[in-house]
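Visitor: Could you take a close look at one strand for me, and then work outwards from there to the rest of its chain? I would enjoy a connected tour rather than a list.

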Amino acid sequence: MTRFFKFLIRISSFLGKELTEIFRQPKLILTLVLGPFLIMFLFGLAYPDQNRTLKTTFVAADPISFQKEMDVFTKSFNSKTFDYVVESDKEKALAKLALNQTDLVIVVPDVSLETIPNDQQAEFLVYHNEVDPFQIGYIQSIARIYVDEVNRQVLQSATAQEQANSGSLQDNLQTAIVKTQALRQSIPSGDVKTITQVSDLEKNLTDLHEKLTTFRSLTPGNLVSPFSSKVSGLFGGTLTVTMFFAPAVIVLLLQHVSITFASLSIVRETKSGIMELFKVAPITAFETLVGKYVSYLFFEILLAGIITTLAVWLLKISILGHLLDYAFAVVILLFTSLGVGFLISLISETDTQAVQYSMLLLLASIFFSGFFMDLRLMREPITVLAWSLPATYGIRMLQDIMLRGSSVPLLVFLGIAAIGIILFLIDWMLLRKKMES
Amino acid sequence: MKNNIVAGNVVETQDLTKTFGKDIAVQSLNMQVPRGTIFGFVGPSGCGKTTTVRLLTGIYKPTSGKLSVLGKNPGDFLKSDREKIGYLIQQFVLYPQLTVWENLNFAASFYGVGIFRGRHLNKLLDFVELRSDKHKLARDLSGGMKRRLSLAATLVHKPELLFLDEPTAGIDPILRRKFWDYFKVLQAEGQSLFITTQYVGEAAFCDLVGVMYGGRLLMIETPDGLRRKAYGGDVIGIRTNEEIRFEHRQQLESLPFIHGKVKIVSDQEIEVIVDDASSAVTILLGWFQAQKLTVAMMEQKSPSFDDVFIRIIETEIKND
């Protein structure tokens, strides 16, 4: 029998063993397949594609007239954002806020439009009871948008008023123009200087009249907000929360499953004592490691295939890119994650320790891989930690392939592949040391 | 070392020593195990038997001294050398989630046994009487069945030399006896067996027995030789119809072929130690007749190996 054939036989021992051990645990398989799918499904259900509606209590000196103003206001403002009541008692409103019976208290300044010409700025006081920095940020944005909208409404209303008022002014101007024309005609033709002056005056009055006509013909909304914006993404579609998070959820789950399986693998064998048998048997650390990589890769590729099929078929998550790119990205992610898992297994003394390391890595991946916080917001030195996690590369690759329809980003692919190869070499070295010691 | 190996010895050590920090696990071990023998390595728990096996299999590197297994230092073993060795670990280390067949198949694969091995594996299962249980999960096997499965896994690649570390520990006497029957069959097939045991009585099944105590090898002997060394000769039991008085015993002890004190079993029964039982019996019969004592029984005694072992250890402690 050739050496290479024996090498294959030795590797196959782990393929058979590991797969049989896994497939002999149907509950585990069910959890691994259905777990990720259910998480994605519930995630989609849990987060509807709309902003949080804020239960808001307005405090106004004259609640009845303010209520009327708000009824007009909410027609133009996103009414889903505000679910409001109007109060006159500030203390009562703040007490409700303290008991979380309302999300916001907005104290409306007791001023009228007449204060504007006095060059005075009125202030809306916004109170909240949030501790989550993201929610505080959201409330600050909403408050800013709200005040901008109020300002716009005030300006719009003032403009409409002035347009109405300018009607009599325009009539006066028309009369002045007619009188100027009569005056010009009464001037002797030899008095060229006076005729020129009156003609200029008539022209100015006519210009003013035309401008006033234009001013009155424009809608107050366009006068106050002459510019608006329209945002379009290059990918051309609209993403739901589930669609956006699907690649990241798939990556995190595949990484976690790989790391957990691999991290328990060698540490358990060391503990059971079979490693002693490996030391005496004609099997090398390289063969052992390759055997284990092949076994787990085989199983996890199968698992990834099932999870992806379920996500596409049942959750209607689309893969805009090429399936082959998707497959490449998943395989390299699994390979590198297995490397991390085997490293944990080789440095852990007990399986409890290995599980703890795996959980820590999962936590780190949730916080630093760009799962829910954009990596561009991260401070520069910390990105080194982020880019040392397979999940970071995996999320980047799958988001590009699934959501943007791009091919595998080469630099990211090479980065994760390099980490995977380095981990394989370290694992090999450590296992060899373990099998020789 | 390789050049000094006596042809036919599968194991040879010279002043083999292994220490762990300040603790001496094995001290100046010198032994030769001839090919084709069953070599029993006997000693109490913690005396250094497993450490010795680990040195011989290459798991441990010696602190000092030399060793050779199948003509090579285990530290320099190639794959081809390892294929000639079988190693049975004390505890059950195979996979509880796998069946008997799957475990055996796994062992066969990592030893590199060819893929057409079904018949060979079935034969092995027949040998250890587990064929009818081949589809049982290992976790559902009894302790004895697990030991038999481990033995089958050790034999799966037909090794020349077997290191069996306490193969009979924790199993019932009937199964222990069966194991020794297996070992005899393996020996008959040409395999050499190095077996550690703390059941001293099992020394009787070995060709050679090494007695280990406190990290030192006290002696290597055949089972009979061990008895003789322990007692200083053969033990003869004598019973008479009359009382054997003090003066009779004194006279017996003064005879040149009698060693040590006469052991009193009862008023009419004693035990004496002689150089050679076969020649001493005739002389003793004549002596008792001359003393007008009627011999009702005279036979060579075969003390149990437990007694032999205790006597050897006691002598060792006394000498220390």
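Guide: Happy to, and let's start with strand β8 of chain B, residues 208-213, where 5 of the 6 residues are buried. Please keep in mind throughout that this is a predicted model.

Two strands pair with β8(B). On one side, strand β3 of chain B (residues 38-42) runs parallel to β8(B), and 4 bridges join them. Within that pairing, B:Phe39 stands opposite B:Leu208. The other partner is strand β9 of chain B (residues 216-221), which runs antiparallel to β8(B) and is joined to it by 5 bridges. Here B:Tyr213 stands opposite B:Arg216. β8(B) and β9(B) make a hairpin with 2 residues between them, and B:Gly214 in that turn has a positive phi of about 55 degrees.

A positive phi deserves a short detour. Most residues other than glycine have a negative phi. B:Ser28 is an exception, with a phi near 40 degrees; this serine sits in strand β2 of chain B, residues 23-34. With 15 other C-beta atoms within 10 Å, B:Ser28 is partly exposed. B:Lys292 also has a positive phi, near 60 degrees, but its setting is the loop between α9 (277-290) and β13 (295-301) of chain B. B:Lys292 counts as exposed because it has 7 C-beta neighbours inside 10 Å, and the cut-off for that class is 12 or fewer.

Back to B:Phe39, the residue opposite B:Leu208, since it leads into the interior. The largest nonpolar core has 90 residues, and B:Phe39 is one of those that touch the most other members, along with B:Leu104, B:Leu149, B:Ala152, B:Val156, B:Leu193 and B:Phe194. Both domain 1 (2-227) and domain 2 (233-304) of chain B give residues to this core, so it lies between them. To see the packing around one member, pick B:Val156: leaving aside residues up to four places away in sequence, it touches B:Leu104, B:Ala107, B:Ala108, B:Tyr111, B:Val113 and B:Leu124. Apart from the 90-residue core there is another, of 59 residues, which includes A:Ala354, A:Leu389, A:Ala391 and A:Leu423.

Those two domains are a good way to step back. The domain assignment of chain B gives domain 1 as 2-227 and domain 2 as 233-304, and their centres, taken over C-alpha atoms, are separated by 42 Å.

Next, a sheet with strands in the 233-304 range. It is an open sheet of 4 strands in chain B, ordered β11-β12-β10-β13 and paired antiparallel. β11 (258-266) and β13 of chain B stand at the edges with a single partner strand each, so one side of each has no neighbour in the sheet. From one strand to the next, the twist averages 20 degrees. β10 (residues 234-240) and β13 of chain B pair over 6 bridges, and B:Thr240 has B:Val295 as its bridge partner in β13(B). Helix α8 of chain B (residues 246-254) packs on this sheet, touching β11 and β12 (269-274) of chain B, and its direction makes about 150 degrees with that of β11(B). Helix α9(B) lies across β10, β12 and β13 of chain B, running at about 25 degrees to β10(B).

Chain B also touches chain A, through a contact that takes 23 residues from chain B and 21 from chain A. On the chain B side, the elements that give two or more residues are α2 (79-82), β5 (85-88) and α3 (100-110). The largest share, 5 residues, comes from α3(B). By class, this side of chain B has 11 nonpolar, 8 polar and 4 charged residues.

Finally, the whole chain. Chain B comes to 10 helices and 13 strands, and its C-alpha atoms fill a box of roughly 75 × 45 × 35 Å along the principal axes. Of its 320 residues, 41% are buried. Among contacts in chain B between residues at least 6 apart in sequence, 71% join residues at least 24 apart. The pairing of β3(B), residues 38-42, with β8(B), where we began, joins two separate stretches of the chain.

How values were computed:
Residues are numbered from 1 along each chain as its sequence is written. Chains are lettered from A and ligands numbered from 1 in the order in which they are written. This is a predicted model: local features need pLDDT of at least 70, side-chain atom pairs count only at pLDDT 80 or more; totals for chains, interfaces and linings use all residues. A residue is buried if 20 or more other C-beta atoms lie within 10 Å of its own, exposed if 12 or fewer, and partly exposed in between; C-beta atoms are placed from the backbone. Two residues are in contact if their C-beta atoms, placed from the backbone, lie within 7 Å. Ala, Val, Leu, Ile, Met, Phe, Trp, Tyr, Cys and Pro count as nonpolar, Asp, Glu, Lys and Arg as charged, and the others, Gly among them, as polar. Two strands pair if DSSP finds at least two bridges between them. Axes are lines fitted to C-alpha atoms, for helices over the stretch in contact, and angles run from 0 to 180 degrees between N-to-C directions. Domain bounds come from an automatic or database domain assignment. A nonpolar core is a set of buried Ala, Val, Leu, Ile, Met, Phe, Trp, Tyr and Cys residues joined through C-beta atoms within 7 Å.
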